[in-house]
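Biologist: I've got the model open on my screen. Please walk me through it, and keep it quick.

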Amino acid sequence: APIAKVGGMGDVVTALCRAVIDKGHSVEVILPKYDCMDHDQIDGLQQVDKFRHDGKDVLVWRGEVEEVPVVFLQPDTGHFDVGCIYGRGDDHVRFGFFSECALAWLEYSGDRPDVLHAHDWSTAPVVFARRSQLPPNAATAVTIHNLNFGQDLIGRAMRACTFATTVSPTYAREIAGHGAINAHCDKMVGIRNGIDVELWDPATDVLLTQGYNAESFESGKGAARHQLCDRLGMHHAPLDTPLVGVVARLTQQKGIHLIKHACWRTLERGGQFVLLGSSPDGNVQRDFNNMAIEVGNKFPGNSGFIFAYDEPLSHLVYAAADMLLVPSMFEPCGLTQLIAMRYGTVPVVRKTGGLIDTVFDVDDDWERAQLQGLETNGFSFSGDKDNDIDYALDRAMMMYASDPDRWADLVGTVMRQDWGWSDPAETYVEQYWKAAKDMENRVGDKEDRDDRRR
């Protein structure tokens, strides 16, 4: 599991690195040594070196995370001894200095990677550093996980990089006209994220009382539901009662007004509802706290709210739920819908970004799914009003109640689809090779010009 995680980027970087290593390539991650990271997930952590940068000592540590080699840099500035990853007013200073340290470490250690791959605004300065600060002949790549943050830094990285990626084809099209992107959008490739199918595997998940697969999901998901209801003090409803789940940070991006509406809609139509997540906004959190009380009073025993980040519990929610709601206002890729399908939970999503690329409506998207070599696998809606989400949620609940055979077929379908990293990683490797070859050609052209001048 990722050791320093706020959103989905930790999952993505960990799983992508593992997949590229599995394809026979050498990968090393450079991270700050956060005081708040999960040290128990790091194998063989030890200090191996020390160097100076800009008059400051930088301790160098090495370890492995999920069999991925990681270098941890610990400058004595205290930038990363603050009890959090992001969220301070000086984040641009902290990560700007880290980016400098990372390049200084590569020079100090003599490491000469073929490709230097930065993720999002926080390490974008690596990409637009002076050429003399970069490893000789290294291509540079930047992945945009969410353009909502650090647009100026990402814009500078777009101008300088050899190539850029973002985390789904549709999100690439959605942001292509943005001022930080449009002048260099020809460099950008949309590659959908995947999930770690070893970590997210209901057949071997030790957090479930009973494992299951696409052939045994009825008993397995029933056991998970029993386990979740016991944990949350919910009624053990009849099996024809749908359980709708949400696993999300409660921010405006995630469509919180639609989540609230869907909660009431689910319960009024006789379903059960579970939400796992919390909000960094105190006002939003208070609204959800109050709603949880109101819902509990009106529909006792039929809802569960866990206002926390709890990845182990999320495994149980994914397994127990019949449907997972993802009504995001924008979603660069989204991982929850992919994990949900892995666990036989049917996604109900808003049509945006990566949700378009991964969820194909059972009634509206047969042709689009076939073009991707897939079968339809969920329910989707456009718009951002209550009646818009009702269009998708009502159809899902109706199928669940009135056509159990078709629902069972749908669950089997979503469980058999492959949303892992093998195909996306292959596309990344192709881009790495192309970028490295491009840099090789540039160096060769420069040497030819120098020879002619002589």
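**Odd backbones, hairpins and an open sheet**

Biologist: What is the relative accessible area of Asn137?
Modeller: Asn137 has 43%, so it counts as partly exposed. Buried is under 20%, exposed is over 50%, and partly exposed is in between (1.4 Å probe, protein chains only).

Biologist: Ground rules, please.
Modeller: This is a predicted model: local features need pLDDT of at least 70, side-chain atom pairs count only at pLDDT 80 or more, and totals for chains, interfaces and linings use all residues. Residues are numbered from 1 along each chain as its sequence is written, and side-chain values use heavy atoms, without hydrogens and water.

Biologist: Back to Asn137. Where is it?
Modeller: In the loop between helix 3 and strand 6 (139-144). Its phi is positive, near 65°, and it is not a glycine. Helices (H or I, at least four residues) and strands (E, at least two) are DSSP runs, numbered from the N terminus.

Biologist: And Asp120: what is its phi?
Modeller: About 65°, positive although Asp120 is not a glycine. Asp120 sits in helix 3 (residues 120-127).

Biologist: Is Asp120 buried or exposed?
Modeller: Asp120 has 8% relative accessibility, so it counts as buried.

Biologist: Switching to hairpins. How do strand 2 and strand 3 run?
Modeller: Antiparallel, with eight bridges between strand 2 (residues 43-53) and strand 3 (residues 56-65). Two strands pair if DSSP finds at least two bridges between them. His53 has Lys56 as its bridge partner. Two residues separate the strands, and Asp54 in the turn has a positive phi of about 55°.

Biologist: What about strand 3 and strand 4?
Modeller: Strand 3 pairs with strand 4 (residues 68-75) in the antiparallel sense, over eight bridges. Trp61 is partnered by Phe72. This hairpin also has two residues between its strands, and Glu66 in the turn has a positive phi of about 55°.

Biologist: Now the six-strand sheet. What is its order?
Modeller: 11-10-9-12-13-14, an open sheet with parallel pairing. Its edges are strand 11 (303-306) and strand 14 (379-381), each pairing on one side only. The twist averages 15° from one strand to the next.

Biologist: Which strands does helix 8 touch?
Modeller: Helix 8 (residues 282-298) packs on the sheet, touching strand 10 and strand 11. Contact means heavy atoms within 4.5 Å. The direction of helix 8 makes about 160° with that of strand 11. Axes are lines fitted to C-alpha atoms, for helices over the stretch in contact, and angles run from 0 to 180 degrees between N-to-C directions.
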